[in-house]
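The following account leads the reader through a protein model, from its overall confidence to individual helix contacts and selected residues. Please keep the sequence and the coordinates in view while reading.

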Amino acid sequence: MHTTQITSAQSRGVYLQTPPKLLGNIFKAAALFVLALLSTTLWAAIDDAPEFSTPEQEAQYYALIKEIRCPTCQNNNVAESNAPLARQLRQQIAEQIQQGKNNSEISSYLVDRYGDFITYRPPFNARTWLLWLAPAGLMLIALIVWLIVRGRQRQIAALSPEQQAELRKLLMENRSPSKATNANQTEQNNNQPPQ
């Protein structure tokens, strides 16, 4: 029978963790702390939302602030940005919603004031045609280049019957008997048992 000796720490329910487990717990705690900080920053950006009289106005507000780009931030909408200009834009959007304006009126006001960059879906017009047509144009250019390269490869690969016969003749001439003898000897050596 084996008896195990219980230390005083184990009898009180205290267990010491090994260093890898301890480090893993420290990393988990640090990750949770960083996530908590990030989530409070995002909520702080939306936290200054005004009170609306109807749920439809509130839904309109949250939909608009997610569609409007912050002019001072790189690819953040005004809902996620905590920049002073983003706060001002959220306030202007809320005021216009409370005045009864619809999404297109508010968007056109912001586009007139800040330009097409303010929206994530800019309209197709004389200033933005390149933005809309560039992806399709690049895909068309890539397709044309691919077809040209593919056509050239087919021309190179296509041999006439005379060229094929000449190629076979050259391949047969390059096969020397010494190479065949060396290959047979190597094969025989591999089949012999080790000594």
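What is the mean pLDDT of the protein chain, and what percentage of its residues reach 70 or more? The model is a predicted one, and its protein chain has a mean pLDDT of 77, with 70% of the residues at 70 or more. Confidence varies along the chain: helix α1 (residues 8-11) has the lowest mean, 52, whereas α4 has the highest, 91.

The secondary structure consists of 8 helices and 0 strands. Followed along the sequence, the chain therefore reads α-α-α-α-α-α-α-α, each element being assigned as a DSSP run numbered from the N terminus. The chain has 195 residues, of which 18% count as buried. Among contacts between residues at least 6 apart in sequence, 50% connect residues at least 24 apart.

Helix α4 offers a suitable point of entry to the packing. Two packed helices are described by the angle between their axes and the distance between the axes. Helix α3 (residues 55-67) and α4 have axes that come within 10 Å and cross at roughly 145 degrees. The crossing in which α3 passes α4 is right-handed. On the α3 side, the contact is made by Q57, Q60, Y61, L64 and I65, and on the α4 side by R90, I93, A94, I97 and Q98. By class, the residues of this contact of α3 with α4 comprise 6 nonpolar, 3 polar and 1 charged.

Helix α4 (residues 84-98) also packs against helix α5 (residues 103-114), at an angle of about 140 degrees and with the axes 10 Å apart. Here too the handedness can be stated: α4 passes α5 in a right-handed crossing. From α4, the residues L85, L89, Q92, I93, Q96 and I97 take part, and they meet I106, Y109, L110, R113 and Y114 of α5. The residues of the contact of α4 with α5 comprise 8 nonpolar, 2 polar and 1 charged. I93 and I97 of α4 are thus listed in the contact with α3 and again in the contact with α5.

Another residue of helix α4 is R87. R87 counts as partly exposed because its relative accessibility is 38%, which lies between the limits of 20% and 50%. The C-alpha atom of R87 is 9.5 Å from that of C70, although the two residues are 17 apart along the chain.

C70 leads to the question of cysteine pairing. A disulfide is a covalent bond between the sulfur atoms of two cysteines. How many disulfides does the structure hold? The number is 0. C70 is in no disulfide, and the nearest cysteine sulfur, that of C73, is 3.2 Å away. Why is there no bond between C73 and C70? The sulfur of C73 is 3.2 Å from that of C70, its closest cysteine sulfur, and this is too far for a bond, because a disulfide requires the sulfur atoms to be within 2.5 Å. Both cysteines fall under the 20% limit for burial: C70 counts as buried because its relative accessibility is 0%, and C73 counts as buried because its relative accessibility is 16%.

Two loop residues complete the description. D116 lies in the loop between α5 and α6 (129-157). Is D116 buried or exposed? D116 is buried, because its relative accessible area is 11%, and the limit for burial is 20%. Leaving aside residues up to four places away in sequence, D116 touches V111, P122, P123, N125, R127 and T128.

L159 is placed in the loop between α6 and α7 (161-174). L159 is partly exposed, because its relative accessible area is 37%. With residues up to four places away in sequence again not counted, L159 touches Q164 and L167.

Note on methods: Residues are numbered from 1 along each chain as its sequence is written. This is a predicted model: local features need pLDDT of at least 70, side-chain atom pairs count only at pLDDT 80 or more; totals for chains, interfaces and linings use all residues. Side-chain values use heavy atoms; hydrogens and water are left out. Axes are lines fitted to C-alpha atoms, for helices over the stretch in contact, and angles run from 0 to 180 degrees between N-to-C directions. Helices (H or I, at least four residues) and strands (E, at least two) are DSSP runs, numbered from the N terminus. A crossing is left-handed if the near helix is turned anticlockwise from the far one by less than a right angle, and right-handed if clockwise. Contact means heavy atoms within 4.5 Å. Ala, Val, Leu, Ile, Met, Phe, Trp, Tyr, Cys and Pro count as nonpolar, Asp, Glu, Lys and Arg as charged, and the others, Gly among them, as polar. Buried means under 20% relative accessible area, exposed over 50%, partly exposed in between (1.4 Å probe, protein chains only). pLDDT is the predictor's confidence in each residue, from 0 to 100.
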